[in-house]
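Hello,

Here is the structure we talked about handing over. Please look through it first; my notes on what turned up follow below.

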Amino acid sequence: MLSEQERREIEAHARHYPNNRAACIEALKIVQQHRGWVSNEGIADVAEALQMKPAELESIATFYNMIFRKPVGKHVILLCDSVSCWIMGYERLRQHLGDRLGIRPGQTTADGRFTLIPIVCLGACDHAPVMMIDEDTHLDLTPEKIDRVLERYT
């Protein structure tokens, strides 16, 4: 069941769309913001609120890569794997992050602090390689810079 806060936020966003269905991604993002991820229960709750079928909403949630369908860490690291980032050292940085955190892409650290997710593009190709942690974008990465950045997220 949606919390009263979730319901109010979804209704506020839905007013900006021609119909409730058009607000489905925003509604999923709201549930994720409150719960950390979107469970099957979350899908059912949003589907009911927007008068959609759960299977229909599931197909949207699994297509949109910023909707997390399984629990993630406290901080989500999005590591850009676009062509620009590959050319500028993506593989070396992915390996460094994996070694430093003890995880591979798609996994969460044992302490639940970080989840590492490759993402197609973060739109900062002129500062490749790039990653985001939560809402913060980190540019012109090196292994040393990554180590300093990670220290901020303890």
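**Sheet and covering helices**

Helix 6 (residues 90-101) lies across strand 1, strand 2 and strand 3, and runs at about 155° to strand 1. Please keep in mind that this is a predicted model. Helix 7 (residues 143-151) lies across strand 1, strand 2, strand 3 and strand 4, at about 10° to strand 3.

The sheet under discussion is open and has four strands, in the order 2-1-3-4, with mixed pairing. Strand 2 (114-119) and strand 4 (136-138) are the edge strands, each of them pairing on one side only. On average, neighbouring strands of this sheet are turned by 20° against each other, with direction ignored. Strand 1 (residues 75-80) and strand 3 (residues 131-133) run antiparallel and are joined by three bridges. As for individual partners, Leu78 has Met132 in strand 3 as its bridge partner.

**Helix packing**

Two helix pairs are worth going through, and helix 2 takes part in both.

How do helix 1 and helix 2 lie relative to each other? Their axes come within 9 Å and cross at roughly 155°. Angles over 145 degrees count as roughly antiparallel, so helix 1 and helix 2 are roughly antiparallel to each other. The crossing of helix 1 past helix 2 is right-handed. On the helix 1 side, the contact is made by Gln5, Glu6, Glu9, Ile10 and His13. Helix 2 contributes Glu26, Ala27, Ile30, Val31, Gln33, His34 and Arg35.

For helix 2 and helix 3 (residues 40-50), the axes come within 10 Å and the crossing angle is roughly 135°. These two helices are therefore oblique to each other. Helix 2 passes helix 3 in a right-handed crossing. Cys24, Ala27, Leu28, Val31 and Arg35 in helix 2 meet a set of helix 3 residues: Glu41, Gly42, Ile43, Asp45, Val46 and Leu50.

**Salt bridges**

How many salt bridges does a search of the whole structure find? The number is seven. Three of them are described here.

Arg35 and Glu6 meet through their side chains in a salt bridge, at 2.9 Å from N to O. Glu6 sits in helix 1 (residues 4-14) and Arg35 in helix 2 (residues 24-35), so this pair ties together parts that are 29 residues apart in sequence. Is each partner buried or exposed? Glu6 has 3% relative accessibility and counts as buried, while Arg35 is partly exposed, with a relative accessible area of 26%. Both residues also appear in the contact between helix 1 and helix 2.

Glu26 forms a salt bridge with Lys29, and the closest N and O atoms are 3.4 Å apart. This pair lies within helix 2, where being three residues apart separates Glu26 and Lys29 by about one helical turn. Lys29 is partly exposed, with a relative accessible area of 33%.

The side chains of Glu58 and Arg69 meet at 2.6 Å, N to O, in another salt bridge. Glu58 belongs to helix 4 (residues 54-63) and Arg69 to the loop between helix 4 and strand 1, so parts that are 11 residues apart in sequence are tied together. Glu58 is partly exposed, its relative accessible area being 25%.

Finally, Glu6, Arg35 and Asp45 are joined into one network by salt bridges that share partners. Asp45 and Arg35 are also among the residues listed for the contact between helix 2 and helix 3.

Regards

Terms used. Residues numbered from 1 in each chain as written. Predicted model: local features only at pLDDT ≥ 70, side-chain atom pairs only at ≥ 80, totals over all residues. Heavy atoms only, no water. Pairing = 2+ DSSP bridges. Axes fitted to C-alpha atoms, helices over the stretch in contact; angles between N-to-C directions. Contact = heavy atoms within 4.5 Å. Salt bridge = Lys/Arg side-chain N within 4 Å of Asp/Glu carboxyl O. Buried < 20%, exposed > 50% of the residue type's maximum accessible area, 1.4 Å probe, protein only. Parallel < 35°, antiparallel > 145°, perpendicular 65-115°, else oblique. Left-handed = near helix turned anticlockwise from the far one by under 90°.
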